[in-house]
Amino acid sequence: MRRCRGDGGGGGAAASLAALLCCVCVMALAGAAAAQGPRLPSAYKTLTGDAPRVVAKGGFSGVFPDSSSAAYSFALIASAPDTTLWCDVQLTKDGVGVCLRDINMQNCTDIASVYPTRKRTYVIDGVRKTGWFPLDFTTTELQQVILTQAIWSRTYRYDSGNYAILSVPDLQTIVKQPSIWLNVQHDIFYKQHGLDMSSYILSIQKRVPVDYISSPELGFLQNISGRVRRKTKLVFRFLDKDLLDPSINQTYGSLWSNLTFIKSIASGIMVPKTYIWQVTEDNYLQPSTSYVTEAHSAGLEIYASDFANDRVIPYNYSYDPLSEYLNFISDGGFSVDGVLSDHPITASEAIGCFTNLNSSKTDHGAPLVISHNGASGDYPDCTDLAYQNAINDGADVIDCPVQVTSDGVLVCMSSINLLDTTNVQRTVFSSRTSIISEIQATIGIFTFNLTWNELNSVTLTPKMSSPVSQYYLVRNPRYANQGKFLKLSDFLAMGMDKDLSGVMIIIENAAFMAESLGIDIVDSVNSALTAAGYDNQTTKEVLIQSKDSAVLVKWKQQKTKFKLVYTLPADIGDASTSSIEDIKKFTDAVVVDRTSVFTISRDFIIRNNSLVKDLQSAGLAMYAQVFRNEFVAQPLDFFGDETVEINYYAQSFNLSGIITDFPKTVRRYKNMPNYMLPVEPGSLDQFLQTSNAQPPALPPMPTLNASSVEEPPLPPVASRNGTGGGTNAPGAPPSDAHMAFVSTGMLFVTAFAALLI
């Protein structure tokens with residue numbers, strides 16, 4: 001079905017976006033000088049000493065359709081003020097240059113539905129391609145075609161925004177005084193079909209002030225060299241080293257040895273980022289190459305391409321795109337002269353905010369950086385590696401979810417079910433399955449089914465958590481089963497010995513432990529803290545966290561000096577006055593799930609909730625959890641950039657702490673300048689409404705009521721020899737029928753995993 005085109009050019013949508021974006025501004029980099037003073041040229045190791053240039057590929061194409069009016073407008077408003085707009089130039093049948101990310105329009109427009117019978121096949125750069133190509137259509141015919149998102153994993157909801165294909169001169173009508181970069185990819189192909197790209201580029205010089213012209217065909221650049229404006233820079237674009245530049249019949253790999261010849265034609269080069277930081281087969285960085293230094297020695301600027309926030313980048317970066325940019329502009333000991341990105345906001349903040357920041361890790365001011373199972377984004381939960389790296393990455397507080405073994409040893413473990421955190425199903429302990437209805441409805445092998453020595457045996461290894469595994473994103477696979485679990489006593493000794501603000505102890509399943517295991521977890525933890533010296537010092541803060549109010553009530557009754565923190569349910573958007581009053585009786589602080597702050601519909605934030613305002617108005621300190629770097633873990637409003645998300649929470653709310661799988665990302669934010677502005681929740685959703693693609697309206701999220709907070713007191717502690725626990729006592733085997741079902745399920749999972757590998 002042919003789509004409704006509105007005004008045919010997307011002008012109304014663009015106007016709406018321009019009006020809307022004044023409240024979406026995420027970066028106020030124009031204020032950088034006022035915030036920090038002018039940056040000295042020597043701070044950058046670029047060819048000229050100037051700041052690296054941010055080049056927006058097709059505009060902000062990480063969200064909007066590539067080369068659309070919305071993408072170009074958004075790139076300038078949500079990125080550095082001097083961001084350069086990239087246009088891949090294609091030629092129409094009547095010789096007009098248009099901005100299209102691909103010479104084959106099939107995957108970046110709706111042309112297949114508009115002109116279904118006009119599919120063609122061409123040989124382009126030696127490759128046979130079938131689809132719809134600009135040279136077969138006049139500009140008038142292309143006015144009936146709209147731009148769509150070319151990357152299928154990105155949101156398609158802006159595809160109905162009626163964004164017309166733009167001609168090169170149209171860029172100036174969309175955004176005033178832009179810095180423009182024209183990329184010419186297929187000059188030889190167009191010549192073969194009677195179209196002259198060189199003549200077109202030269203003909204628009206007086207109308208369109210072009211700052212950069214790039215091409216992977218050195219012959220094209222040689223043809224226009226000396227004929228373009230003096231201020232226009234020519235850039236030779238390197239492609240894969242084994243590919244051939246058809247204009248001079250040499251591979252790009254061989255051309256690298258002739259930079260002097262390239263310098264006689266161009267002022268710069270552009271290379272894929274893997275030229276500079278090569279990657280192993282299992283996606284880890286190798287040592288950097290000397291390409292940047294060699295280019296600069298030849299007098300050439302060097303730009304790196306292929307940056308995007310929603311791709312799987314080398315595991316060394318821990319899914320943090322900002323960290324990757326910094327490796328190209330400062331941390332690697334060199335600076336490229338610019339970066340080509342689908343998400344220019346992150347490139348802008350890397351250059352404008354985070355280059356050469358003070359990396360001190362001794363400032364323990366608010367908001368506290370609190371680990372979630374240690375640095376669990378990089379190492380298996382609650383292992384010595386996870387905790388040590390959390391400390392190295394600048395965590396202020398490390399956390400320990402307390403579990404108990406069958407011989408009564410308190411341990412740090414993110415889940416009471418060892419199936420979640422270890423390889424136990426592949427060990428001799430796999431027969432110790434049971435169903436504990438008080439804990440979960442499904443089968444498990446629990447910490448209290450093994451002794452400490454068994455838990456610490458060489459056959460049982462940790463397992464990396466994968467909270468976004470449904471998207472086939474894995475964490476640091478080289479260390480997926482590394483590290484050792486810690487006793488609570490060892491954890492507390494580590495916390496006392498290291499430069500930390502304190503420790504957080506998390507207590508769950510206290511009633512079950514009392515009734516079924518004969519463990520008073522409150523008294524046991526209190527004794528461990530006393531033995532470690534925490535009740536006889538003032539330098540280390542102890543936070544006791546639980547979602548069970550009865551646990552915190554008991555601590556309160558004991559007149560503890562430790563800070564009590566109540567974990568709110570994850571699915572609420574508000575809290576009644578009575579529930580807040582009840583919470584204040586047993587705690588001074590709460591942990592809020594980060595998604596309770598707003599309502600999300602189809603990955604877009606549609607409105608703020610009142611929960612945080614109500615809690616803080618009542619005088620409760622607030623900790624937010626759990627922050628993760630993976631781009632799929634964030635609403636689209638944060639652009640796949642965890643730093644943008646952290647900035648929103650830190651500046652919008654008076655947070656006492658941020659609980660994170662990746663302490664390094666939050667610690668780096670704490671050292672940033674203060675001129676980033678937070679995202680305005682709901683702004684992208686408002687624009688969706690202008691394009692008739694808005695998500696469905698959702699009712700308010702549930703409200704926390706007093707009945708959900710109040711719990712009966714913890715039960716008396718049963719004898720350690722007692723069974724208790726209802727139908728299935730701890731460690732008791734399930735029924736034969738259930739075991740048969742579970743065995744079949746285990747077999748299926750194992751077979752499926754083998755297929756994936």
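**Close-up views of a predicted model**

**View 1. The Cys400–Cys412 disulfide is left-handed.** The torsion about the S-S bond of Cys400 and Cys412 is about -105 degrees, so this disulfide counts as left-handed. The model shown here, and in every view below, is predicted. Sulfur to sulfur, Cys400 and Cys412 are 2.0 Å apart. Cys400 lies in strand 15 and Cys412 in strand 16, so the bond ties together parts that are 12 residues apart in sequence. Cys400 is buried, at 0% relative accessibility. Cys412 is buried too, with a value of 0%. A disulfide is a covalent bond between the sulfur atoms of two cysteines.

**View 2. A disulfide joins Cys87 to Cys99.** The S to S distance for this pair is 2.1 Å. Cys87 sits in strand 2 (residues 84-91) and Cys99 in strand 3 (residues 97-99). The two cysteines are 12 residues apart, and their pair links distant parts of the chain. About the S-S bond of Cys87 and Cys99 the torsion is about -105 degrees, so this disulfide is left-handed. Both Cys87 and Cys99 are buried.

**View 3. The chain has 2 disulfides.** Count the bonded cysteines along the chain, and the disulfides follow the pattern 1-2, 3-4. One of the bonds joins Cys87 to Cys99. Another joins Cys400 to Cys412.

**View 4. Cys382 is in no disulfide.** The nearest cysteine sulfur to that of Cys382 belongs to Cys412 and is 6.2 Å away. A disulfide needs sulfur atoms within 2.5 Å, so a pair at 6.2 Å does not qualify. Cys382 is buried, with a relative accessible area of 0%. Elsewhere in the sequence, Cys108 is buried as well, with a relative accessible area of 3%.

**View 5. Helix 16 has buried residues that pack against strands and helices.** Helix 16 spans residues 384-392. Its buried residues are Ala386, Tyr387, Asn389, Ala390 and Ile391. These residues pack against strand 14 (368-371), strand 15 (397-404) and strand 16 (410-412). Helix 19 (488-497) and helix 26 (663-670) are also among their packing partners. Two of these partners return to the subject of View 1: strand 15 holds Cys400, and strand 16 holds Cys412.

**View 6. Gly394 follows just after helix 16.** What sign does phi take at Gly394? Phi is positive there, at about 100 degrees.

Methods:
Residues are numbered from 1 along each chain as its sequence is written. This is a predicted model: local features need pLDDT of at least 70, side-chain atom pairs count only at pLDDT 80 or more; totals for chains, interfaces and linings use all residues. Side-chain values use heavy atoms; hydrogens and water are left out. Buried means under 20% relative accessible area, exposed over 50%, partly exposed in between (1.4 Å probe, protein chains only). Helices (H or I, at least four residues) and strands (E, at least two) are DSSP runs, numbered from the N terminus. Contact means heavy atoms within 4.5 Å.
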